[in-house]
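Grab a pencil and have a go at each exercise before you read its solution.

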Amino acid sequence: MDVAIAGGHGKVGRRLARRLAARGDKVRALIRNPGHADDVRADGSEPVLCDLEQTAREEIAGAIAGTDAVVFAAGAGPGSGAERKWTMDRDGAIKLLEAARSAGVERYLMISSIGAENPPADDDDVFSIYLRAKAEADRALMKSDRAWTIVRPGHLTDDPGTGRVRIDVEPLRGRISRDDVAAVLDAALHEPRSVYLILYTIAGDDPVDEALGAALEL
């Protein structure tokens, strides 16, 4: 499989890239900082300079052309203000969606967030705006003609992964390591039955493949 990861130098993106490369997939890491090229090469990815906020849709389409799937693992980051939640977490995801359509890339995997299913409507704190931005991006993807999967993890940690998670199609609350989120993304990307599903995931007791299989039977 040939996969393009938007946010290829991000904490989840790099973990996912290493997993994909280890299984023999080809990975393009979309990065905006040329100084990150050596890092993603070390992960087994091909670095592709592509700033979703600044690059035209046609150029993004060229960067992902020929891939089998795109993964939106980008984000404005915890230190950013409200404006970038809209320009990156919403608009960046939608621009990647439009580029995928233009490039003929059918598969689109979105990293979202638990809470995006019912974001606060009136609060103006940055996290509430982030959840509204993610919700709008998710809705745009679900209305599209792409073969989408949305993964909504709980609170992210940098703890070592355990390889054991809980996955459900109904909202959950809890924590999960970025290592384990990457494992869930890897599994969902290679599981055709995960298409057109929103998958909530937190730390749990079951191996990732078993947890995913059980969720797909719900």
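**Exercise 1.** Which exposed residues does the face of α7 turned away from its buried side carry?

*Solution.* Keep in mind that you're looking at a predicted model. Start with the buried side of the helix: in α7, which covers residues 208-216, Val208, Ala211, Leu212, Ala215 and Leu216 are buried. Now look down the axis of α7: these buried residues fall within an arc of 135 degrees, so they line one face of the helix. That fits a handy rule: an α-helix has 3.6 residues a turn, so residues three or four places apart point the same way. Next, turn to the face of α7 that points away from the buried side, and there you'll find the exposed residues Asp209 and Glu210. Finally, see what lies over the buried residues of α7: the cover includes β8 (164-168), α6, β10 and β11 (206-207).

**Exercise 2.** Find how many aromatic pairs a search of the whole structure gives, and work out what sort of pair Trp148 and Tyr196 form.

*Solution.* The search turns up two aromatic pairs. For Trp148 and Tyr196, the centres are 5.9 Å apart and the planes make an angle of 75 degrees. Angles over 60 degrees count as edge-to-face, so Trp148 and Tyr196 are an edge-to-face pair. Where do the two residues sit? Trp148 is in strand β6 (residues 147-153), while Tyr196 is in the loop between α6 (178-189) and β10 (197-203), so the pair ties together parts that are 48 residues apart in sequence. Check the accessibility too: Trp148 has 8% and counts as buried, whereas Tyr196, with a relative accessible area of 47%, is partly exposed.

**Exercise 3.** Trace the chain from β1 to β2 and on to β3, and say how the strands run and which hand each crossover has.

*Solution.* Begin with β1 and β2: they run parallel and are joined by five bridges. One spot to check is Ile5, which stands opposite Ala29 in β2. To get from β1 to β2, the chain passes through helix α1 (residues 11-22), and this β-α-β crossover is right-handed. Moving on, β2 and strand β3 (residues 46-49) also run parallel, with four bridges between them. Here Arg28 has Glu46 in β3 as its bridge partner. The chain gets from β2 to β3 through helix α2 (residues 37-42), again in a right-handed β-α-β crossover.

**Exercise 4.** Is Asp2 buried or exposed?

*Solution.* First place it: Asp2 belongs to strand β1 (residues 2-6). Its relative accessibility is 11%, and the cut-off for buried is under 20%, so Asp2 is buried. Now look at its surroundings: beyond its neighbours within four places in sequence, Asp2 is in contact with Lys26, Arg28, Gly66, Thr67, Asp68 and Ala69.

Terms used. Residues numbered from 1 in each chain as written. Predicted model: local features only at pLDDT ≥ 70, side-chain atom pairs only at ≥ 80, totals over all residues. Heavy atoms only, no water. Phe/Tyr/Trp six-rings, centres within 6.5 Å; stacked < 30°, edge-to-face > 60°. Helix = DSSP H or I, 4+ residues; strand = E, 2+ residues; numbered from the N terminus. Buried < 20%, exposed > 50% of the residue type's maximum accessible area, 1.4 Å probe, protein only. Arc of directions from axis to C-beta. Contact = heavy atoms within 4.5 Å. Pairing = 2+ DSSP bridges. Right-handed = clockwise from strand over helix to strand, strands pointing away.
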